[in-house]
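Let's take a guided walk through a protein model. Have the structure open as you read, and look for each residue as its name comes up.

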Amino acid sequence: MPTIFLSHSSRNDALATSLEAWLKRNGFADLFVDHTSIRLGDKWTEALRRAKATCRVVVCLVTPEWLASDECYGEFTAAWYAGRRIIPLLAIEGAMLDEKQKNRLQRVGGEYQGVDISAAGAPTTLDLDAHPEIAEPFKAGLRAAGALAKIGLDPHAFEVDKEIRPEPFPGLESFGDTDADAAIFFGRSAEIAQSLEDLRGMRAMGDRRAYAMQGASGSGKSSLMKAGVLPRLRRERGWLVLRSFRPGADPMLSFACAISQTAQDYGGHIVPGEICDALYTAWRAASVRDRATIDGVLRDALDAQTETLRERADRQKATMLIAMDQGEELARADSESAKVLGDFLRAAIADTSPGGEPVSMMLAFTVRTDSFQELQTSPRFRGIPTRPADIRSIPTSRFASAIEQPAMRYGVELEPQLVDALVEDATGQDALPLLAFTLQRLWQKFSVGRVGLTGYAAVGRLSGLLEDAAERALCAIDPFAPQRPLVPLGAGHPLDRLGAHVFVPALAQIDIRGAAIRRVARLDGFNDAQRALIGHFADWRLVVISADEVEVAHEALFREWSRFRQWLTPERARLETLRGLESAAAAWNARGRNADDLLHRGRRLREAVALRGVEEYRRQLAGNADVGAYIDACRRAQGRQRLSLAAFGLVVLAAVLYVPATKAVAEIRFQRAELAAEQRVPTAPILARGQGADRLADLSTFRDCRTCPEMVVLGAGSFVMGMPGPSHGPLVGPVPAHRVHIPRFAIGKYPVTFGEWDACVAARSCPKVGDEGYGEGNRPVINVNADQAQRYAAWLSRLTGERYRLLSESEWEYAARAGTTTTFYTGNTITQYQANFKNSGVNATTPVGSYPPNPFGLYDIVGNVWSWVADCWHDNYEGAPTDGSAWLNGAPMMSVNGTLRCTNGVIRGGAWGSDPTDLQSYSRTMYYPESQVRYIGFRVARTL
């Protein structure tokens, strides 16, 4: 399918022929023009809708004849539904139009900025070369839309602005949301085109999900959204794109500033504080109403605050796109401001527009892949369904374009040998941010004439450059002064101690995987000496200061700077405690400060209280009133529990009577069960080779070898899979509910443990994986990706001669439900004494078997660790197998070492850090198959 499709009436064939010749003369040769009297009509419409044909641009020759043609208008609407870029060429000057033609013209003009070609002779003739004022904008629009295949979505369609962007390389910071940044953002045409088509298609189809651009740290997702997607959508009349914003310390104020800045773009003036006050007032008034009414009240308030903006932009009917960068910041925020913004975002996309009309508001945001699960379970995103878009790092093959083209636009040539050296050096997780930082340093030192390999060598090449810059910033060396050899500072030097107090914990935190990630801090939380040091790091572009806040420019600094890693190591335990404390306090506060949500007690509470004794952590806690209130509430609750235990003991001693188990007794029983599970040895009989497990009775247990997992035989049966009714999950939910027939099979009694995994490691068939300090032995193996789980099952198959594998998703749900039809197999609720999840307060894995089994005798089927299943991710169950097999077809695939794998996998069951909703029998989550994280394991199945 060609890049450009030319939609025209057969009665304007001569005009189409002239346009076709002009397009080919100007390099736009990859096009399709139907010169026959047989219109494509509905066939073209259906092809666009069904197959998402590869054309990027639809050029419509809008004449009176075109407006009268149902086939031509059908081509327009089909392209609109499919998310294609549409460029109308208007040739209707002086024409008398009937009502149908006027309505169609209004629709076309309301969606896209047209180009009037009447002055060039249309519709009778066409001489665009004689009218550059018409031809040049038309060519620019075609290039920007990707109609010129060799250029793609051309940044040259945007003007270089050296006042806004003085240099072509942003360093560790992401590209900004400006045309000036779009002008130098190269190498991402394919991803920009896909995102634009996704958003246009979602808008046209009334898809109210939020568009979640998720990728790893350093993948360039923020730059892609801000410099790639948003500036291009702004040029389409069907959109009113708000300036992008980050939630930051005050999410509502950040959102209000985005509205205010957008108004300034159109010559208006709206005070952010006034926007905030009006939205807060509406929110407080709405909070006493039911959910449906709340959404309506909040939406009305949002419309009122943006009405002036729509009028200034003359886009009253356009779709307003709210663009939020780093959505994980909102998920982690625990302030009232964050809660209010979450409610307004939900209300914004809850609007339902009439059929056939585009939605009036949409939400797009970026989020780190390793934070996506956290976002899904966050109360800030409750009621906000998402459509994830996988953003991968720019391929190495495109690095040369991303390096050379921005410099050329600024009039500087890079030696080919330098480009080759940069591409060769740029490897690993942080290749892109390190490359950007290196280019920025090269530009600052050699941005006159020609930058060569010698200059690159002079700054130390890419390896070690970031560490060198950080060390010089620590020593307060001016980045533009002559750079002499650096004398390293020893540990314990006053500047070393000062730096440690600045970065940990104020600017760094630990995520759920134990990796260091950045934290936004207020400048007024630092003393004068610390602020001066922060200023030096800002001079080197290693930290970013915005108003009264500061943060590290990119987490690559944490990974590449050895001194920071030395600061981090002794603080890991405290940072883990701080993370768990902040998360628990946020959940406690969001749920109404219920006593059942006070998760810190005993050792965990002592560690939390101890943070108050360390100055840097005390200052961090002082900035969060909810955390202080949470600690005090936990201490009071523990005091009451001790009194209750003492009273309980006296009653037992005095009366020697049976007393119904209290929460304290249940806690003791759990501790005994956990100890027994830790010391558990397999008891299932080992089958002799050839002794068929298929002859065992249902629910019998067995092993195929001494180190093999214990298995449970499950009888054949059928069940209703999924959740009846509409989805309320963070992704498209487990619908439609459908009946599945499951053949007889065997399933692991427990998740695969470290002890069982290590047998495969000893056989050199599985890699050694870390336990994150939780312990090995009878604890579930973690940090295993989907491919490694498959390798373990394949090793078991070779070892035993039997067919071991991962469970299918339907087998997993059949086993988890164990004949029940309630929300959980435990009923419609689940408690901290029935599974290891967030409410249990353990905050780590427990030995398998610490909690009671489900009715099939399966332990930890929910909680403790998520479980990989064999299926590829599908958004819903439409077309899912009903025979219990894994669903692999019809999903995006990728090649790994020549073997096709699912692009997106499925995990089931929830983990130790999960909300209760993840433990529901029908809950499901998408995850990348290559991910190795500390909350995902697996259990095996065996075909009988």
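This report looks at disulfides, then a sheet, and then some special spots in the backbone. Keep in mind that the model is predicted.

## The disulfides

A disulfide is a covalent bond between the sulfur atoms of two cysteines. How many disulfides does the rule of sulfur atoms within 2.5 Å give here? The count comes to three. The table lists them.

| Disulfide | S to S distance |
|---|---|
| Cys705 and Cys708 | 1.9 Å |
| Cys760 and Cys766 | 2.0 Å |
| Cys872 and Cys902 | 2.0 Å |

If you number the bonded cysteines along the chain, the pattern reads 1-2, 3-4, 5-6.

Each disulfide also has a handedness, which you can find by looking along the S-S bond. For Cys705 and Cys708 the torsion about this bond is about 100°, so the disulfide is right-handed. The link of Cys760 and Cys766 is right-handed as well, with 70° about its S-S bond. For Cys872 and Cys902 the torsion is about -70°, so this disulfide is left-handed. That pair links distant parts of the chain: Cys872 lies in strand S24 (residues 866-872) and Cys902 in strand S26 (residues 899-902), 30 residues apart.

Are these cysteines buried or exposed? Cys705 and Cys708 are buried, and so are Cys872 and Cys902. Cys760 counts as buried because its relative accessibility is 0%, while Cys766 is buried with a relative accessible area of 7%.

## Cysteines without a bond

Now turn to Cys60 and Cys276. Why does Cys60 form no bond with Cys72? The sulfur of Cys72 is the closest cysteine sulfur to that of Cys60, but it is 8.3 Å away, so the two are too far apart for a bond. For Cys276, the closest cysteine sulfur is in Cys257, at 7.3 Å, which is again too far for a bond. Cys60 counts as buried at 1% relative accessibility, and Cys276 does too, at 7%.

## A sheet of five strands

Strands of a sheet pair through backbone hydrogen bonds, either parallel or antiparallel. Here you can find an open sheet of five strands in the order S18-S19-S22-S30-S23, with antiparallel pairing. Strand S18 (701-702) and strand S23 (804-806) stand at the edges; each has a single partner strand, so one side of each is left without a neighbour in the sheet.

Two bridges join S18 to strand S19 (residues 711-714). One residue pair to look for is Phe702 and its bridge partner in S19, Met711. Helix H31 (residues 786-800) packs on this sheet, where it touches S23 and strand S30 (940-943). The direction of helix H31 makes about 165° with that of S23.

## Special spots in the backbone

Which peptide bonds ending in Pro123 and Pro505 are cis? The bond from Ala122 to Pro123 is cis, with omega near 10°, and Pro123 sits in the loop between strand S5 (115-116) and helix H6 (132-144). Val504 and Pro505 are also joined by a cis peptide bond, with omega about 5°. Pro505 belongs to the loop between helix H21 (494-503) and strand S13 (508-510).

Finally, look at phi in Ala476 and Leu699. Ala476 has phi near 60°, a positive value in a residue other than glycine. Ala476 lies in the loop between helix H20 (465-474) and H21, and counts as partly exposed at 40% relative accessibility. Leu699, with phi near 70°, is found in the loop between helix H29 (663-678) and S18. Leu699 is partly exposed, with a relative accessible area of 43%.

Note on methods. Residues are numbered from 1 along each chain as its sequence is written. This is a predicted model: local features need pLDDT of at least 70, side-chain atom pairs count only at pLDDT 80 or more; totals for chains, interfaces and linings use all residues. Side-chain values use heavy atoms; hydrogens and water are left out. A disulfide is a pair of cysteine sulfur atoms within 2.5 Å. Buried means under 20% relative accessible area, exposed over 50%, partly exposed in between (1.4 Å probe, protein chains only). Helices (H or I, at least four residues) and strands (E, at least two) are DSSP runs, numbered from the N terminus. Two strands pair if DSSP finds at least two bridges between them. Contact means heavy atoms within 4.5 Å. Axes are lines fitted to C-alpha atoms, for helices over the stretch in contact, and angles run from 0 to 180 degrees between N-to-C directions.
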